[in-house]
Structures are given as structure tokens and as C-alpha cells.
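The following exercises ask the reader to inspect a protein model and to justify each conclusion step by step. Please consult the sequence and the coordinates while working through them.

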Amino acid sequence: MKEYLKKLILRIIILISIVIIIPFVLEFLASLSKGRQLYNEWHYEDELINQMNTDKLQNKNWGSNPLWLHEGETLPFKREGVKRILVVGDSYIWGDGYSNANHIWWQQFRQKLKESGYNNVEIVAAGVGGYSTQQEFEDVIKNEELMNLVDPDLIVIGFVNNDPEFRNENYETYYKVINSGDLFYDSDNFFINKYKELFPFSYNGLCLLLYDKFEYNETFHSYFGLSYWTWLSIISSDYWLNKYETEVIKPLKDYFENDLDIPYFFYITYNDMEPGIENIMNMFEDNNIKYYFAPNYFINKAYDEYYHVNLAINPANNHPSVVLCKEFAEVLVKILESDYSEFLGEKEIYTPNLNINDWMPHMLNVIKVSDNMYSFVYPASETERAFLTLPAHKPYVKLNLEEPLTISNISIEGDNIEEIEVFVNKINKKLGYDDQDLYSLGVLTESFEWEVSDKELITSINISAKIKNGEQANLLIKIN
């Protein structure tokens, strides 16, 4: 009996040891893979970026106000003689994954219009992550208060491959879809969440392993949801497309023609042909609805040479990259010049102006003091959701310039500063767009002033500071 107990206790000890050791071993092995480590780091950075965007924007995810507004981006009074274009959409408009809002395609569209000399047209956006055409129709286009406030002269409806989706009166989907690398993102299980917290690398690896193994398994679908491509093939099938045409597209067309009397068209923002898109385009044509398929107009299709990394905004988020959004913007300018020139007005000379219109995190409380000077609050070092870290691998805050600008000098003032490193984002001359790399101007411990090449177009100023005792600091930045 004693021998049996000894063996039992030994087995229990071994089992407990295995349960404890295996996660540590898996975490260690997962962390050794540079590709896996990069993905995991960006997975959490991406979650942080979107939380910052949610905190910043007036139109919170699944919120009641779809207009894209925040402290640095307000809706101006409509000027006499100025045309206003309303861009409607979903996460492509909301900016899922973008730490610089000026990289979103409709923001780049606005900038391209300015650079082309079209100063008498304004761009306003309305969109919430996850919106389908059904919701865009009900919550934006049929929203009389919003339409009266915006008073658009032309409406561009952004279209992506999930837009035929339907939701019920409670905004619940008919199909559960896996839309995150985190399979247990909505779990309230203590052990799962603790494992996720203690072993992030192996947790994400486990999620990917499960997904790859059981992507087409019905039991897996019933528990976690459909894979994206499986779901896409379903909502692109005859039944759902007929429902989409009957209940959304035809009523939308009727509403535009009989109630709004505002010109509109669909702008299909894909990076290539995807399942179901030909059916969608045929349906638009059958209903005599104007649409444009962006890839048909792409300027450069030598992707391997032209694209810096890939077509995604970051390694953990498949929303369109900066360069893909640049393509969408440039194509749309050409479409307007060709088919809607009456909304553009006469060309004028383009003169870029210094303006910080976006920042991360929202709590910086950026205030314009003079034409080239801004005050902002640098957060205390222990403040949650206050600092970006990638790709610098150190905490920093981000000030985004509305227009790419050549500057020669950056200086920062404030009390209790021990050290500051400034990074800039810039337009890569060879590539022709912001490659999202951070370029350090150097670390300074006194006289915080940095020289900048006046031959570079700067898009963002990123600041990593050490403040005495890690406290919050009121800083002043001057840009020449």
C-alpha cells in the first residue's frame, strides 16, 4: 500500500510538473521563431492601436454616430462655392490598424485632391468597423440628421467583400465568423485568460495551429465560427446575393433617386479579384448602378517591385497598406477628373501647410499655440494604453502631420526632461510613399533640438521621452 501511494504521488508530481513545464517550453520555443515573434508583437500592438482609435474617435465601434470625427478632426462649416463629398464605409473608412489616420485611403484621397490643386472640395467620412451595405444604408444614408449636417453634393460608397452581409434588428450576424487570430477573444474563462496573459507567444501559436488544422471542420465552425473564406463564399452565394439585391441594393437605389436626389456611386476597394466580386459587379450592372473597381485602374501592377512589405497595414492586420490606400486615393482622383469634374472646381496652386491633425494616444491633448508650435501632455510612464512601441521597440507617442511637409528643425521644451529621442516617419523617395519605418534623429539629454533634412517629406513626429520619476509632463514642440 505504501509503495502504491509512493507511485501515485510520484505520478501526480510528474503530471503537475509536465502541466507547468510544457507551457514554459512552448513559450520559449515560440519566442525563438523570429517570424512568430514579430507576428505576436504586432498582434498586441495592433490591438493597442485599435483601442487607441476607439478611445480617440467619436464614432466608437458599433457606436451611434458614424461620422469620422475627433478632437483634431472636426466638421467645418460648408463654405460658399465649395463642394462636399461624403465617403461611406466600414473598417476601411474607420481606420482599423492605422496609427496615422492620414494613411487611410479616404484621407489620402483628400490629400491627393489638394496636391492636384483642388481646394474647393471637402471630404467627409462616415463609417464604423463591421458595417455592411445594409447598415451603411440604414445608419448613414437614411440618417436625415446626419445628411442635413453634412449636406453632401456627391456620395461615394466604399465597397469591400463582406458588404453583402446581413445583420438582424439587434445587429447580430447570421453566421459567426473567425475575424481574429485570438480564437478565445471573448472568453471569460479564468484559465484561458491567464494562459493568454502568461504565455502570449505559445497562446497565439496554439490558436493558429487549431485554425490551420480544423479550418473546414463543422464542429470547429459551430464553436469558433466559420473561416473567413468559407463565410465569404456563403454570403456570395445565390441565396444571399438575391436577398442583398432585393432588400438592400434596389431600395438604396430607389431612395437615392426619389428621396435624396444626390449623385452616388460604389467604389470597390479590393487589391485584386476575390470570390463573389464578379457576381456583385454583374448585379450593379443589372440594376444600372454606377460602380468602379479600383484594381482595374491601378497605376503599377508590379507588386513584387512596387510594394515595400506586403498589402497589409501591419504584420497582424490585413486591412490595406499605406501604398494600397495610396493607389485607391489616386485612382479615385482620376475617376472624379474623368467623370465628375463638376465637383472639383478650378485648379489652384498647392501650398502645403503645417498642421498636426492626428495623434496617438488620444490623451495627449494636443493644442495649437501658434503657426508652428503645439503643446501636448506626455503621459506618465505607468499610464495604460499610452504608448506605441513598434517598430521602435521602445515606448513613444505619435504626432501626425495632415500633409507631408519638409521641415528643417524640431525643438521640444518642458520641465523635468531627462532624455528624449525623436523619430520621424517620411516619404520614402525610392518607393514614393511612407514606408512606416521610424528614422531616429538621435537621443538628446539637454538642449532638445534636432536638425532635419529639408529634402525629406515628413509625415509623423514620434517622441520617446524619459521624464523625471516617470511623471506626466507638459511639453511644447516647435516645428520649423
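The exercises below concern a predicted model, and each is followed by a worked solution.

**Exercise 1. Overall composition**

Determine how many helices and strands the chain contains, and what percentage of its residues is buried.

Solution.
- Step 1. The secondary structure assignment yields 14 helices and 18 strands.
- Step 2. Of the 480 residues in the chain, 52% are buried.
- Step 3. The accessible surface amounts to about 23800 Å², and carbon and sulfur atoms supply 51% of that area.
- Step 4. Among contacts with a separation of 6 or more, 75% join residues 24 or more positions apart.

**Exercise 2. Helix α4**

Establish whether helix α4 is mostly covered or mostly open, and describe what follows the helix.

Solution.
- Step 1. Helix α4 spans residues 105–115.
- Step 2. Of its 11 residues, 10 are buried, and the helix is thus mostly covered.
- Step 3. The buried set includes the aromatic residues W105, W106 and F109, and also the charged residues R110, K112 and K114.
- Step 4. G117 follows α4 and has a positive phi, near 95 degrees.

**Exercise 3. Salt bridges within and between elements**

Identify where the partners of the pairs K326–E330, D151–K78 and E421–K394 lie, and classify their exposure.

Solution.
- Step 1. A search of the whole structure returns 15 salt bridges.
- Step 2. Side chains of opposite charge can pair when their charged atoms come close.
- Step 3. K326 and E330 form a salt bridge with an N to O distance of 3.1 Å. Both residues belong to helix α14 (residues 322–339), 4 residues apart, which is about one turn of the helix. An α-helix has 3.6 residues a turn, so residues three or four places apart point the same way. K326 and E330 are both buried.
- Step 4. K326 and E330 also belong to a network of salt bridges with K112 and E115.
- Step 5. D151 and K78 form a salt bridge at 3.4 Å, N to O. This pair links distant parts of the chain, 73 residues apart: D151 is in the loop between α6 and β3, and K78 is in the loop between α2 (34–56) and β1 (83–89). D151 is partly exposed at 40% relative accessibility, and K78 is partly exposed at 28%.
- Step 6. E421 and K394 form a salt bridge at 2.6 Å, N to O. Here too distant parts of the chain are linked, 27 residues apart: E421 is in strand β13 (residues 417–428), and K394 is in the loop between β10 (373–378) and β11 (397–405). E421 counts as buried because its relative accessible area is 9%, under the 20% limit. K394, at 25% relative accessibility, is partly exposed.

**Exercise 4. The negative surface patch**

Find which residues make up the patch of negative charge on the surface, and which helix supplies its largest share.

Solution.
- Step 1. The patch gathers E144, D254, E257 and D259.
- Step 2. Helix α11 (residues 238–260) gives the largest share, 3 residues.
- Step 3. E144 is located in helix α6 (residues 144–150).
- Step 4. E144 is exposed because its relative accessible area, 57%, is over 50%.

**Exercise 5. Surroundings of N162 and H221**

State whether N162 and H221 are buried or exposed, and list what they touch beyond four places in sequence.

Solution.
- Step 1. N162 lies in the loop between β3 (154–159) and α7 (190–198), and is buried with a relative accessible area of 17%.
- Step 2. N162 touches D90, W231 and I235. The C-alpha atoms of N162 and D90 are separated by 9.7 Å, although the two residues are 72 residues apart along the chain.
- Step 3. H221 lies in helix α9 (residues 218–224), and is buried with a relative accessible area of 15%.
- Step 4. H221 touches E215, Y216, L226, S227 and T230.

**Exercise 6. Backbone geometry**

Locate the cis peptide bonds before P361 and P391, and the positive phi values of Q436 and S447.

Solution.
- Step 1. Most residues other than glycine have a negative phi, and most peptide bonds are trans.
- Step 2. The bond joining M360 and P361 is cis, with omega about 0 degrees; P361 is in the loop between β8 (356–360) and β9 (367–370).
- Step 3. The bond from L390 to P391 is cis, with omega near 0 degrees; P391 is in the loop between β10 and β11.
- Step 4. Q436 has a positive phi near 70 degrees and lies in the loop between β14 (433–434) and β15 (439–444).
- Step 5. S447 has a positive phi near 50 degrees, lies in the loop between β15 and β16 (449–451), and is exposed at 61% relative accessibility.

Key:
Residues are numbered from 1 along each chain as its sequence is written. This is a predicted model: local features need pLDDT of at least 70, side-chain atom pairs count only at pLDDT 80 or more; totals for chains, interfaces and linings use all residues. Side-chain values use heavy atoms; hydrogens and water are left out. Patches are made of residues with over 30% relative accessible area and no salt bridge: like charges are joined within 9 Å, nonpolar side chains (Val, Leu, Ile, Met, Phe, Trp, Tyr) within 5 Å. Accessible areas come from the Shrake-Rupley method with a 1.4 Å probe; for residues, only the protein chains shown count as cover. A salt bridge is a side-chain nitrogen of Lys or Arg within 4 Å of a carboxyl oxygen of Asp or Glu. Lys and Arg count as positive and Asp and Glu as negative; His and the chain ends are not counted. The place of a charge is taken as NZ of Lys, CZ of Arg, CG of Asp or CD of Glu. Helices (H or I, at least four residues) and strands (E, at least two) are DSSP runs, numbered from the N terminus. Buried means under 20% relative accessible area, exposed over 50%, partly exposed in between (1.4 Å probe, protein chains only). Contact means heavy atoms within 4.5 Å.
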